[in-house]
Amino acid sequence: MKFYLGVHQPIWLTRVPDIPLLVSHRRLGHRRTLPRAITEWALDSGGFTELQLHGRWLITEKDYVRAVRRYADEIGNLAWAAPQDWMCEQRILKRTGLTVREHQRRTVRNLVRLRELAPELLWVPTLQGWTLSDYERCADFYERAGIDLAAEPLVGIGTVCRRQSSADVERIMRAFATRGLNLHGFGVKITGLDRYAEALSSSDSAVLYPVRSCWWMLIFSLPLVRTAYEAGGWVVFRYELECLGGTVDDPLLVAHAGLLAGLAERGRRRGQPFLIGPDGRPDGRVNAFFASPRMLGRSPLTWKKYAQSLGMWLNFLLVLGRRWDEATEDDAEYFKEWRLSERSNPRLVEASTFAANLAGLRAFYRWAARRYGVVDPVVAVDDFDLKPRGVRGQDVKWLDPAGYRRWRDLGVRGLGLDGRPDGLWRGRNEQRDGAFVDGLYSTGLRLTEWASVLVTELPDDDPARGYRTCRLADACAKGGYGHKYWIQREALLGVLDYVEGARARAVRDAQRAGRYGQLTTVRLVVGSERGRLIIQEPDGRRTGPALNAVGPWGRRRLFRRTEQGLEPLAVWLNEDGMPRTPHGWQHTFAQANDRIARAGLAGFSATPHMLRHSCALRWYSVGRLAYEHRFAHLSVEETKDFRAQFGDTWDLVATILGHRSPETTKQHYLEPFRALDVELLLQHAQQAAVERFLASYLAEHPRVLTDPVREAT
């Protein structure tokens with residue numbers, strides 16, 4: 001029996017080899033670009049949600065065929081597609097106002113029409129009904145339409161997922177199995193498979209993905225399902241406890257309600273990773289690392305990086321036939337060679353990437369050595385150190401102001417090398433993307449920090465002030481260290497223009513399309529008082545969390561009600577009006593760099609953190625100029641007194657970047673210079689000849705990128 005694992009993110013198609021997957025059309029239809037599948041997969045039409053929301057199918061058969069053809073061509077490996085069938089649950093019948101018989105007729109007519117429009121695609125006929133006699137009548141409808149179900153490679157049985165473990169469903173499955181049909185049980189999981197698995201050719205977990213944080217706990221007790229999970233390697237999962245609230249009537253969840261309720265009590269947090277081994281079972285020792293106090297204090301981004309590095313290492317050891325607690329230094333050296341220079345590895349990485357992998361492995365083994373007494377194969381001792389030399393120096397680069405403007409104009413604003421609009425530009429988000437990168441460069445914030453800002457946190461424009469002071473919330477800052485930050489007026493105006501322009505249009509379009517009304521996790525902000533929000537939760541309760549304690553993920557769920565309807569509080573939105581995730585900005589930078597490379601400027605690129613480094617470089621330059629212009633008359637002793645009172649350059653740049661210690665700034669950003677108090681820097685930033693200073697002082701620096709077009713002329 002084949003088991004299709006239901007996944008909520010299409011990107012899984014590129015990451016999970018050898019496991020059949022099930023993806024819904026509702027997760028693919030809105031995407032401009034599609035992933036390329038490395039595994040077999042099937043398409044669910046998303047019919048239950050479609051009928052529950054609208055009481056009818058809004059997408060036409062022609063549009064659905066067009067979408068499925070695109071999936072087959074661009075994603076590949078499509079095994080079969082479900083039709084636009086009509087489920088027969090009571091709640092759906094009530095929503096459509098139709099009878100079971102009419103739902104069955106429409107289901108059969110749809111299959112006939114889809115096969116007329118796209119005979120080259122494998123459309124799976126689906127039997128719908130509620131009682132056995134209902135399903136038998138539906139089979140008769142197919143026969144009258146000229147469809148021999150016994151000759152079909154697969155026949156779906158629908159309207160069973162919420163009652164899969166009942167005797168009625170078992171009787172239905174066995175009745176059609178005796179007819180010689182190759183059956184697929186839509187939404188049939190553990191409790192159903194335990195009763196009638198031998199009657200099925202395949203099944204899926206179409207509604208399992210909301211509980212992917214605990215699915216391994218539920219399947220390892222059933223050998224039949226475990227054999228369907230033959231990935232051949234370790235796979236990384238994460239907890240998403242908030243997703244459980246809307247599916248409490250699922251039999252799988254009901255049967256294990258106590259287990260699920262105890263996850264949060266045992267310290268599990270949203271986004272916390274855990275790994276599943278090649279046999280479908282977890283290693284409690286490995287997963288205990290991510291529940292340790294040290295790791296719980298790290299950011300979700302660190303969790304993700306460490307989990308990916310650890311998963312890669314465990315799979316490498318799996319090929320060698322070695323357990324992680326038996327690994328040796330020789331294994332670690334071979335791992336380094338394989339990642340960096342092994343010719344048989346088609347995906348070699350840079351030294352900086354391996355250094356990041358190594359950081360995760362060292363954190364794990366330091367903890368495991370103390371906890372379990374295992375030998376640490378990656379620790380640096382004597383003359384043995386896996387870390388590539390010179391990684392930090394090669395990794396850090398900067399853009400001077402002219403270089404930044406050129407990168408922004410070419411990459412995200414759609415201008416040509418001559419500074420004029422490029423007629424070949426096909427971008428639609430230049431106002432949003434330009435405002436976002438300007439904000440990164442101006443504030444020096446990290447990507448996730450700047451991406452989490454709310455419209456209510458934006459300051460108003462003040463023409464009399466060149467900079468405005470803002471505050472980053474503790475829950476959004478790295479390490480929970482909230483701090484002040486400063487944004488230049490020009491960058492702020494760009495953000496405010498975006499809010500009133502492209503963002504407002506996206507919100508209006510989403511409101512007209514009813515997208516916000518379909519969301520089930522909206523936290524409606526109805527007021528605020530003394531730094532606390534007054535929130536109406538999805539279940540009707542009112543809560544009062546401190547805004548300072550609401551993190552990036554929670555902020556994307558915050559909405560307010562206006563005269564036009566619901567509106568997200570997040571500043572940065574996708575084209576569909578939904579809050580944009582920080583990861584989406586990585587694609588923006590990648591596309592910008594690709595565009596610049598196609599323009600003939602290979603090697604002239606930027607990353608979000610590079611803009612943060614460039615912000616630090618700019619302020620260090622401002623400080624030097626301001627010092628020379630305003631305090632050159634001070635004696636040596638007076639200078640010492642001034643620096644003792646206000647701090648030196650490192651304290652000031654660390655304040656701007658939000659570093660707790662100037663040592664971080666010293667080690668990773670710049671070199672020391674005399675500087676002034678932050679307010680003095682701000683006062684003179686507009687007047688300082690920063691660009692002339694950088695052009696002369698750092699003209700020959702190999703890691704400071706300037707405008708390549710101006711340089712050539």
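User: Which residue in strand 10 is the bridge partner of Phe237?

Analyst: This is a predicted model. Strand 9 (residues 235-238) and strand 10 (residues 273-276) run antiparallel, joined by four bridges. Within strand 10, the residue paired with Phe237 is Phe274.

User: Which residues of strand 10 are buried on each side?

Analyst: In a regular strand, side chains alternate between the two faces of the sheet. Strand 10 is covered on both faces. One side carries Pro273 and Leu275, the other Phe274 and Ile276.

User: In what order do the eight strands of the open sheet lie?

Analyst: The pairing in this sheet is parallel. Strand 4 (78-81) and strand 5 (126-127) stand at the edges. The order is 4-3-2-1-8-7-6-5.

User: Why is one side of strand 4 and of strand 5 left without a neighbour in the sheet?

Analyst: The sheet is open, and its order begins with strand 4 and ends with strand 5. One side of each lacks a neighbour because each has a single partner strand.

User: Which residue in strand 6 stands opposite Leu127?

Analyst: Strand 5 pairs with strand 6 (residues 155-157) in the parallel sense. Two bridges make up that pairing. Opposite Leu127, strand 6 places Ile157.

User: At about what angle does helix 6 run to strand 7?

Analyst: Helix 6 (residues 167-177) lies across strand 5, strand 6 and strand 7 (183-185). Angles over 145 degrees count as roughly antiparallel. Helix 6 runs to strand 7 at about 160°.

User: How many residues apart are Glu40 and Lys2?

Analyst: Their side chains meet in a salt bridge, 3.0 Å from N to O. Glu40 sits in the loop between strand 2 (21-24) and strand 3 (41-44), whereas Lys2 belongs to strand 1 (residues 2-6). The link therefore joins distant parts of the chain, with Glu40 partly exposed at 27% relative accessibility. The separation is 38 residues.

User: Which residue meets Arg69 in a salt bridge?

Analyst: The N to O distance is 2.7 Å. Arg69 lies in helix 2 (residues 61-75), and its partner is in the loop between helix 4 (100-117) and strand 5, 51 residues apart. Arg69 is partly exposed, at 33% relative accessible area. The partner is Glu120.

User: Is Glu152 buried or exposed?

Analyst: Glu152 forms a salt bridge with Arg115, with the closest N and O atoms 2.8 Å apart. Glu152 is in the loop between helix 5 (132-144) and strand 6, while Arg115 is in helix 4. Arg115 counts as partly exposed at 23%. Under 20% is the cut-off for buried, and Glu152 has 11%, so Glu152 is buried.

User: Which residues are joined into one network by salt bridges that share partners?

Analyst: The structure holds 36 salt bridges. Some share partners. The network consists of Asp283, Arg285, Arg323, Asp325 and Glu326.

User: How are helix 14 and helix 16 oriented to each other?

Analyst: The axes of helix 14 (residues 300-320) and helix 16 (residues 351-372) come within 8 Å. They cross at roughly 85°. Crossings of 65 to 115 degrees count as roughly perpendicular. The two helices are therefore roughly perpendicular.

User: How many charged residues are in the contact of helix 14 with helix 16?

Analyst: Helix 14 contributes residues including Tyr306, Met312 and Trp313. Helix 16 brings, among them, Asn357, Gly360 and Phe364. By class, the contact has eleven nonpolar and three polar residues. As for charged residues, there are no such residues.

Notes:
Residues are numbered from 1 along each chain as its sequence is written. This is a predicted model: local features need pLDDT of at least 70, side-chain atom pairs count only at pLDDT 80 or more; totals for chains, interfaces and linings use all residues. Side-chain values use heavy atoms; hydrogens and water are left out. Two strands pair if DSSP finds at least two bridges between them. Contact means heavy atoms within 4.5 Å. Axes are lines fitted to C-alpha atoms, for helices over the stretch in contact, and angles run from 0 to 180 degrees between N-to-C directions. A salt bridge is a side-chain nitrogen of Lys or Arg within 4 Å of a carboxyl oxygen of Asp or Glu. Buried means under 20% relative accessible area, exposed over 50%, partly exposed in between (1.4 Å probe, protein chains only). Angles under 35 degrees count as roughly parallel, over 145 as roughly antiparallel, 65 to 115 as roughly perpendicular and the rest as oblique. Ala, Val, Leu, Ile, Met, Phe, Trp, Tyr, Cys and Pro count as nonpolar, Asp, Glu, Lys and Arg as charged, and the others, Gly among them, as polar.
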